[in-house]
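I opened a fresh page for this model and kept my notes in the order I looked things up. Pull up the viewer and follow along.

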Amino acid sequence: MLKKSSLTVLLTTCTIFAFSQTPIDVTENTVKISASGEEVFYYGFAEGDQVIFNLEELNGKELTEVEIAAMPTSSLFMDYKTKKIENKTLKIPETGVYKFRFTNSNILAGRVCKFKIQRIPESDATKKFNSTVYKRTVYDTTYNDVTERFLVKSDTVVSEILNQVAKVHSQTNTNSNKTITNFTLPENTIAWSYYIGVDQAGQQAYENATKQLVSNSEPIASTLIGTSPISALALGFTSFLSLMQSGEDIDYYLTDGLNANLFNAGQAFRAYKKGKVINDFSKMQPMNGNLSFCFSNDNAVTGVQVILKVSAVQVNGTWDTRQVKKMNIIPRQDLYLKN
């Protein structure tokens, strides 16, 4: 007869043995792996777990690779050109996330696989271990030295780029009743303006605006615009310019170089701005390329003198370089367990 103490030890040993041989299902899954494709699954295991892995390709086809690896890169098992794996048992060296990777390199056909994963805990302490792997986004921050260009200072300059009088003949004159004036805005132009006036009346209207500007401008404004109403207009100050109601008129068109040629040839063309005016003026946004003012006189017998003035506002910057640290934030998916 066994002594009581011996019997207790025997029963305890048998209980532990029986418990340790009872597999716990982690997953049982069927997966389709596309042609030239790969499927990856992640599960968590506790240190000392015995993992039992079974796999079968349901159509008897080969899988190119089957791998079980501890994350991030420690491979525990690899099999090649396999159709079936039965009761492959691995002992888990440490608690963590493990990757099960199935690869199909066949370029024509997919593979359908059924796999089952079980674990036998080493002790009762890890019996309820949660094998679910969770994902979260984490951000890695690095710093690089880069060369940065920066503005040391900037100067605002207002320039008169056109100031001329053009003769536009009548329709019955032997010369053309069309005139074109070409111009190019300077670099770093942030705004510009123009004035068009016909004959002495147009000139007089501009001179009247100049007198009012001189009499009413603040000293700070006068430093920038001087005595030019269209410079005031380009900068957003009061220009004192006004539209005339009577006098000889002119047809004008603001175009680019290509459309100016079409205008001159009597063909259809496009204009940014146009009008039939005695005088006209406007503040404009920056425009690229060669620009043209095209004038046409529809008077049968009387030619006209057209005053054309253009001012541009430039911001010229002085630049330098310096070394700065640039922060780079790179998101990545982090796998983790909840135990």
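**Entry 1: around α5.** I am working with a predicted model. I began just past helix α5, where Gly 266 follows with a positive phi, near 75 degrees. Then I stepped back into the helix, residues 257-264, and asked which of its residues are buried. I noted Asn 259, Ala 260 and Phe 263. Viewed down the axis of α5, the buried residues fall within an arc of 105 degrees, so they line one face of the helix. On the other side of α5 I found Leu 258 and Asn 261 exposed. Next I looked up what the buried residues of α5 pack against, and got three strands: β10 (178-184), β12 (250-256) and β15 (290-296).

**Entry 2: Ser 292.** I followed β15 to Ser 292, which is found in that strand. Buried or exposed? Ser 292 has a relative accessibility of 1%, and buried means under 20%, so Ser 292 counts as buried. I checked its side chain for a partner and found a polar contact of 2.6 Å with the side chain of Asn 182. I also listed what Ser 292 touches, leaving out residues up to four places away in sequence. The list includes Ile 180, Thr 181, Asn 182 and Phe 183, then Tyr 253, Leu 254, Thr 255 and Asp 256, and also Ala 260. Ala 260 is one of the buried residues of α5 from my first entry.

**Entry 3: helix α2.** I moved to α2, residues 199-216, and tried a quick length check. At 1.5 Å a residue, its 18 residues should span 26 Å; the end C-alpha atoms are 27 Å apart, which agrees. Which residues of α2 are buried? I wrote down Gly 202, Ala 205, Tyr 206, Ala 209, Thr 210 and Leu 213. Down the axis of α2 these buried residues fall within an arc of 140 degrees, so they line one face of the helix. On the other side of α2, Gln 200, Lys 211 and Ser 215 are exposed.

**Entry 4: backbone oddities.** A reminder to myself before the torsions: most residues other than glycine have a negative phi, and most peptide bonds are trans. I stayed in α2 for Asp 199, which is found in that helix. Asp 199 has a positive phi of about 55 degrees although it is not a glycine. At 24% relative accessibility, Asp 199 counts as partly exposed. Asn 87 is not a glycine either, and its phi is positive at about 50 degrees. I placed Asn 87 in strand β6, residues 84-91, and with 52% relative accessibility Asn 87 counts as exposed. For peptide bonds, I logged a cis one joining Met 71 and Pro 72, with omega about 10 degrees. Pro 72 sits in the loop between β4 (63-70) and β5 (74-82).

**Entry 5: salt bridges.** How many salt bridges does the structure hold? I got 16. I looked at Arg 101 in some detail. Its side chain meets that of Glu 38 in a salt bridge of 3.4 Å, N to O. Glu 38 lies in strand β2 (residues 37-45) and Arg 101 in strand β7 (residues 96-104), so the pair ties together parts 63 residues apart in sequence. Glu 38 is partly exposed, with a relative accessible area of 44%, whereas Arg 101 is buried at 10%. The side chains of Arg 101 and Glu 67 also meet in a salt bridge, this one 2.8 Å, N to O. With Glu 67 in strand β4 and Arg 101 in β7, the pair ties together parts that are 34 residues apart in sequence. Glu 67 is buried too, with a relative accessible area of 10%. I then found that Glu 38, Glu 65, Glu 67 and Arg 101 are linked in a network of salt bridges.

I turned next to Asp 298 and Lys 276, whose side chains meet in a salt bridge of 2.4 Å, N to O. Asp 298 lies in the loop between β15 and β16 (304-336) and Lys 276 in strand β13 (residues 273-277), so the pair ties together parts 22 residues apart in sequence. Asp 298 counts as partly exposed at 37% relative accessibility, and Lys 276 is partly exposed with a relative accessible area of 45%.

**Entry 6: cysteines.** I searched for disulfides and found zero in the structure. I looked up Cys 113, which counts as buried at 0% relative accessibility. Cys 294 is buried as well, with a relative accessible area of 0%.

Notes. Residues are numbered from 1 along each chain as its sequence is written. This is a predicted model: local features need pLDDT of at least 70, side-chain atom pairs count only at pLDDT 80 or more; totals for chains, interfaces and linings use all residues. Side-chain values use heavy atoms; hydrogens and water are left out. Helices (H or I, at least four residues) and strands (E, at least two) are DSSP runs, numbered from the N terminus. The expected span of a helix is 1.5 Å times one less than its number of residues. Buried means under 20% relative accessible area, exposed over 50%, partly exposed in between (1.4 Å probe, protein chains only). The arc is that of the directions from the helix axis to the C-beta atoms. Contact means heavy atoms within 4.5 Å. A polar contact is a pair of N or O atoms within 3.5 Å; within protein, one must be able to donate a hydrogen and the other to accept it, and residues adjacent in sequence count only if both atoms are side-chain atoms. A disulfide is a pair of cysteine sulfur atoms within 2.5 Å. A salt bridge is a side-chain nitrogen of Lys or Arg within 4 Å of a carboxyl oxygen of Asp or Glu.
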